[in-house]
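Let's take a friendly walk through this structure, stopping at a handful of residues along the way. Have the sequence and the 3D view at hand.

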Amino acid sequence: MEHKDGSVEETHFGIEMQQGNGGAVKKREKVVKKSWDESKKMWEIAAPAMLTAVTQFSIGFVTSAFVGHLGEVELAAVSIVQNVIEGFVYGVMLGMGSALETLCGQAVGAGQFNMLGVYMQRSWIITGVTALCLAPFYIFASPLLQLLRQDVEISKLAGKYSIWVIPQLFAYAVNFPVQKFLQAQSRVWVMTMISIVALAFHVLLNWLLITKLEHGLLGAAIAGNVSWLIIVVAQVVYVVSGFFPESWNGFSWSAFKSLAGFVKLSLASAIMLCLELWYFTAVILMVGWLKNPEIAVDAISICMNLQLWTLMIALGFNASISVRVSNELGAGNPKAAKFSVIVTVLTSTVIGVVCTAAILATQNEFPKVFTSKPEVMKEASKLGYFLAATIFLNSIQPVLHGVAVGAGWQLSVALINIACYYVLGLPIGAILGYKFKLGVKGIWTGLLVGVVTQIVILMYIMFRTNWNKEAVQAEQRVRNWGGVAPEPQENASEENISE
């Protein structure tokens with residue numbers, strides 16, 4: 001209120017307004033600080049996970065690059081083994097090992113570090129048995145490929161090569177459980193450095209065995225086997241050498257207990273992941289069934305390769321959010337788990353927007369990196385909008401999958417995958433591609449419909465999730481499989497985050 005002398009009397013309402021504004025500023029500052037702290041935790045896992053995914057994926061890429069100089073038949077044989085046999089097996093093995101993300105992450109959050117080594121050993125048993133069951137796919141690769149109407153000469157050579165790389169199958173059985181063990185404890189940089197060193201050695205070994213000593217496909221197989229052996233041996237040595245006194249107490253007969261529940265969660269993880277990977281494989285096969293498919297297959301292969309590289313970034317966020325959600329739920333901090341989901345989804349989406357913009361800006365240029373054929377370049381450029389949309393969606397979807405793994409929802413997501421991809425997406429793609437003569441664009445439209453539907457359903461589920469209930473279930477899971485209830489953590493990382 002203003003007096004005649006010009007002085008101002010601050011009213012009670014004005015004081016309340018100032019206090020309200022001050023409270024809003026403090027609240028905003030607190031949210032910013034929490035977001036920054038959560039981002040640091042996220043990137044501590046996501047950055048090395050991205051590098052590990054890229055380097056391990058590059059082992060097969062380097063092999064193909066060296067084999068490509070041997071001849072077209074040799075390159076085709078190696079490519080078909082990598083994309084059909086190893087692609088199928090890799091997905092199953094990674095899925096079977098992914099159960100460890102839920103269990104180890106929640107055990108870390110609950111402070112039950114003593115259970116991590118036992119969980120990893122249980123996973124080794126399961127992935128080892130799975131590898132034995134999958135070995136016949138390598139042994140009988142040649143007749144299987146011929147059954148799929150592949151070229152006889154290529155199939156026979158691929159059959160020989162697949163037998164030579166069987167050791168890599170058992171390397172996967174060791175590798176994935178160790179990775180999840182390390183990720184759950186946010187100890188991933190050593191794993192990344194091991195992968196980088198192994199990749200450098202792999203390049204040198206390929207040059208020596210293929211280029212210098214001219215051992216051909218046998219040399220390529222030996223190089224791959226040795227490189228994967230280096231990765232798994234180095235990781236296991238790191239685990240058992242005393243760096244994890246709380247979580248590794250040696251081999252234990254307890255690993256053979258509660259295997260039934262472990263197998264159930266592992267199978268759910270494998271089904272969830274494989275349904276995802278096979279969806280993209282099915283799309284490429286559908287394109288191959290079009291009339292005169294050569295140019296269309298080349299064009300979509302170029303786009304899928306780019307999509308796969310950008311997917312490596314999303315997989316880093318997938319690993320990060322899986323660890324963060326499982327850690328916080330295991331610690332009984334449901335609000336912190338929910339907050340972590342929000343921060344990670346927003347971060348990944350921003351990066352997805354940048355990658356999408358880059359594809360749209362280079363729509364007529366990126367095909368030149370992969371081909372010099374004008375027809376293929378033109379067709380790939382036409383698919384630029386579809387590629388951009390897929391890359392954007394892939395910045396969100398793997399993060400939601402990571403949340404599902406961290407919370408232990410694998411079976412539910414597997415059922416959602418079946419409905420969205422195989423009941424909805426593929427039939428729509430087939431109708432648009434074949435019936436309405438839209439070709440590749442119609443088939444890819446069906447793919448996008450399936451992915452968008454899945455994202456909408458998962459987002460709806462996560463917004464409706466009772467995170468307090470999820471924390472209780474995580475506590476019960478830890479207790480039932482060998483741990484005890486976690487102590488209440490009133491001052492945990494989510495403290496006083498405003499709802």
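The closest cysteine sulfur to that of Cys-355 belongs to Cys-303 and lies 15 Å away, which is too far for a bond. Please keep in mind from here on that this is a predicted model. Cys-420 tells a similar story: the closest cysteine sulfur is in Cys-274, at 18 Å, again too far for a bond. Because a disulfide requires two cysteine sulfur atoms within 2.5 Å, neither of these pairs qualifies. By this rule the model contains 0 disulfides. Cys-420 is also buried, with a relative accessible area of 2%.

**Two buried glutamines**

Next, let's look at Gln-56, which sits in helix H1, a run covering residues 12-67. Is Gln-56 buried or exposed? Its relative accessible area is 7%, so Gln-56 counts as buried. Which side chains make polar contacts with the side chain of Gln-56? One is the side chain of Gln-179, at 3.2 Å. Another is the side chain of Ser-195, where the polar contact is also 3.2 Å. Setting aside neighbours within four places in sequence, Gln-56 is in contact with Asn-175, Gln-179, Ser-195, Trp-228, Ile-231 and Gln-235.

Gln-168 belongs to helix H7 (residues 166-184). Gln-168 is buried as well, given its relative accessible area of 6%. With neighbours up to four places away left out, the contacts of Gln-168 are Glu-86, Ala-221, Gly-224, Asn-225 and Trp-228. Trp-228 therefore appears in the contact lists of both Gln-56 and Gln-168, where contact means heavy atoms within 4.5 Å.

**A nonpolar patch and helix H4**

On the surface, Phe-137, Ile-139, Phe-140, Leu-144 and Leu-147 form a nonpolar patch, and together they have about 470 Å² of accessible area. Helix H4 (114-139) and helix H5 (141-147) are the elements that give two or more residues to this patch. One of the patch members, Ile-139, is found in helix H4. At 42% relative accessibility, Ile-139 counts as partly exposed.

Ile-125 lies in helix H4 too. Ile-125 is partly exposed, with a relative accessible area of 23%. What does Ile-125 touch, apart from residues up to four places away in sequence? The partners are Ala-255 and Phe-256.

**Two loop residues**

Gly-68 is in the loop between H1 and helix H2 (72-97). With 33% relative accessibility, Gly-68 is partly exposed. Glu-365 is placed in another loop, the one between helix H12 (334-361) and helix H13 (374-382). Its relative accessible area is 42%, so Glu-365 is partly exposed.

**Separations along the chain and in space**

The table below pairs sequence separation with C-alpha to C-alpha distance for residues met above.

| Residue pair | Separation in sequence | C-alpha to C-alpha distance |
|---|---|---|
| Glu-365 and Gln-185 | 180 residues | 42 Å |
| Ile-125 and Trp-36 | 89 residues | 40 Å |
| Gly-68 and Ser-227 | 159 residues | 19 Å |

How far apart in space are Gly-68 and Ser-227, which are 159 residues apart along the chain? Their C-alpha atoms are separated by 19 Å. Glu-365 and Gln-185, with their positions 180 residues apart in sequence, are 42 Å apart.

Terms used
Residues are numbered from 1 along each chain as its sequence is written. This is a predicted model: local features need pLDDT of at least 70, side-chain atom pairs count only at pLDDT 80 or more; totals for chains, interfaces and linings use all residues. Side-chain values use heavy atoms; hydrogens and water are left out. Helices (H or I, at least four residues) and strands (E, at least two) are DSSP runs, numbered from the N terminus. Buried means under 20% relative accessible area, exposed over 50%, partly exposed in between (1.4 Å probe, protein chains only). A polar contact is a pair of N or O atoms within 3.5 Å; within protein, one must be able to donate a hydrogen and the other to accept it, and residues adjacent in sequence count only if both atoms are side-chain atoms. Patches are made of residues with over 30% relative accessible area and no salt bridge: like charges are joined within 9 Å, nonpolar side chains (Val, Leu, Ile, Met, Phe, Trp, Tyr) within 5 Å. Accessible areas come from the Shrake-Rupley method with a 1.4 Å probe; for residues, only the protein chains shown count as cover. A salt bridge is a side-chain nitrogen of Lys or Arg within 4 Å of a carboxyl oxygen of Asp or Glu.
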